[in-house]
Amino acid sequence: MFPFVETLRIERGQVCNLEYHQRRMAATMGHFFPEATVPSLADILASRRWPSDRVWKVHVEYDGRGIGMVKADEYHMRTIRKLRLVCCDDIDYEYKSADRSRLLALAAERGDADEIVIVRQGLITDTSYSNIALYDGRRWVTPRHPLLSGTMRQSLLDQGLLEERDIRACEWPGYQRASLINAMMPLGRCVVAIAG
């Protein structure tokens, strides 16, 4: 079994959405390793100093034995200008695993686009590396059934900044723009116009 992963953003010296990452790690361990003790991400990250003039991407791998690897890099956001819908009805990525082979294989189908949007059973889900929010001219909505329940997505839902909705692939052109969201990208930081 591949290890599981939490990717955390540290900005201005502060760990963002730490409680959401801890909760997801606890749920994953409870499912796969119910007898194991859940490590404290706060304790692991407190052992280092994080210069506040940079944004850090911290990759934490874990399994039933605990934390296996912690890697930190300065974060630089990818430039995304064009999205392409790609269909895959049987993909499953409910738990954030280090095994991203299916996602990478789908991403290879992007053609001249910068990133894909995965359609499963006719519904918009996620990109190959993020959740997605769509703007309809009045509010931001996000797919009700994403591939992965992301920590940023859940935080935005809890704040009332996103609304869940079933979004059919045929409805895609009716939206004005998309915002890719994940632990490293809050709502509005990576926005792509949708060509109708």
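Which backbone nitrogen does the side chain of Ser-179 reach? The nitrogen of Gly-188, at 2.9 Å. Ser-179 lies in strand S11. Ser-179 is buried, with a relative accessible area of 0%. One point before I go on: this is a predicted model.

Let's turn to the pockets. The largest pocket holds about 580 Å³ of space. Its lining takes in 28 residues. Closest to its centre are Thr-7, Lys-96, Arg-100, Tyr-129 and Asn-182. Three strands each give at least two residues to that lining: S1, at 4–11, S3, at 55–63, and S7, at 123–127. What about the classes of residue? The lining of the largest pocket has 11 nonpolar residues, 11 polar ones and six charged ones.

Now the second largest pocket. Its volume is about 260 Å³. Here 15 residues form the lining, and the closest to the centre are Asp-92, Tyr-93, Tyr-95, Ser-97 and Asp-99. Which helix gives the most to the lining of the second largest pocket? Helix H3, residues 101–107, with three residues. By class, the lining of this second largest pocket counts eight nonpolar residues, two polar and five charged.

Keep Asp-92 in mind, please. Asp-92 is among the residues closest to the centre of the second largest pocket. Asp-92 also turns up beside Arg-120, as the nearest side chain of opposite charge. Arg-120 sits in strand S6, residues 115–120. Arg-120 is buried, yet has no salt bridge. How far away is Asp-92? The distance is 5.0 Å. A salt bridge needs the nitrogen and the carboxyl oxygen within 4 Å. Arg-120 does have a backbone oxygen to face: that of Ile-91 lies 3.1 Å from a polar atom of the Arg-120 side chain.

On to the salt bridges. How many does the structure hold? There are 15. I'll take three of them.

First, Glu-11 with Arg-189. Their closest N and O atoms are 3.5 Å apart. Glu-11 lies in strand S1, and Arg-189 is in the loop between strand S11 (177–181) and strand S12 (191–193), so this pair ties together parts that are 178 residues apart in sequence. Is Glu-11 buried or exposed? Buried, with a relative accessible area of 14%. Arg-189 counts as partly exposed, at 38% relative accessibility. Strand S1 is a familiar name by now: S1 also supplies at least two residues of the largest pocket's lining.

Second, Glu-163 with Arg-139. Here the closest N and O atoms are 3.2 Å apart. Glu-163 is in strand S10, residues 163–165, while Arg-139 is in the loop between strand S8 (131–135) and strand S9 (140–143). The two residues are 24 apart, and the pair links distant parts of the chain. Glu-163 is partly exposed, with a relative accessible area of 33%. Arg-139 counts as partly exposed at 26%.

Third, Arg-153 with Glu-164. The closest N and O atoms of this pair are 2.7 Å apart. Arg-153 lies in helix H4, residues 151–158, and Glu-164 in strand S10, so the pair ties together parts 11 residues apart in sequence. Arg-153 counts as buried, at 3% relative accessibility. Glu-164, at 34%, counts as partly exposed.

Which residues do shared salt-bridge partners join into one network? Asp-136, Arg-139, Glu-163 and Arg-165. Arg-139 and Glu-163 are the pair from a moment ago.

Next, a pair in space. Leu-85 lies in strand S5, residues 83–87. Leu-85 counts as partly exposed, at 30% relative accessibility. Take Leu-85 and Thr-151. They are 66 residues apart in sequence and 23 Å apart in space, C-alpha to C-alpha.

Last, the backbone. Most residues other than glycine have a negative phi. Two residues here have a positive value. Asn-17 has a phi near 55 degrees. Gln-121 has a phi near 55 degrees too. Where do they sit? Asn-17 is in the loop between strand S2 (14–15) and helix H1 (18–32). Gln-121 is in the loop between S6 and S7. S6 is the strand that holds Arg-120. Are these two residues buried or exposed? Asn-17 counts as buried, at 18% relative accessibility. Gln-121 is exposed, with a relative accessible area of 53%.

Key. Residues are numbered from 1 along each chain as its sequence is written. This is a predicted model: local features need pLDDT of at least 70, side-chain atom pairs count only at pLDDT 80 or more; totals for chains, interfaces and linings use all residues. Side-chain values use heavy atoms; hydrogens and water are left out. On a 1 Å grid over the protein atoms alone, a cavity is a set of points where a 1.4 Å probe fits but cannot get out, and a pocket is an open set with protein on both sides within 12 Å along at least five of seven lines; lining residues have an atom within 4 Å of a point. Grid points are joined across faces, edges and corners, and a volume is the space filled by probe spheres set on the points. Helices (H or I, at least four residues) and strands (E, at least two) are DSSP runs, numbered from the N terminus. Ala, Val, Leu, Ile, Met, Phe, Trp, Tyr, Cys and Pro count as nonpolar, Asp, Glu, Lys and Arg as charged, and the others, Gly among them, as polar. Buried means under 20% relative accessible area, exposed over 50%, partly exposed in between (1.4 Å probe, protein chains only). Lys and Arg count as positive and Asp and Glu as negative; His and the chain ends are not counted. A polar contact is a pair of N or O atoms within 3.5 Å; within protein, one must be able to donate a hydrogen and the other to accept it, and residues adjacent in sequence count only if both atoms are side-chain atoms.
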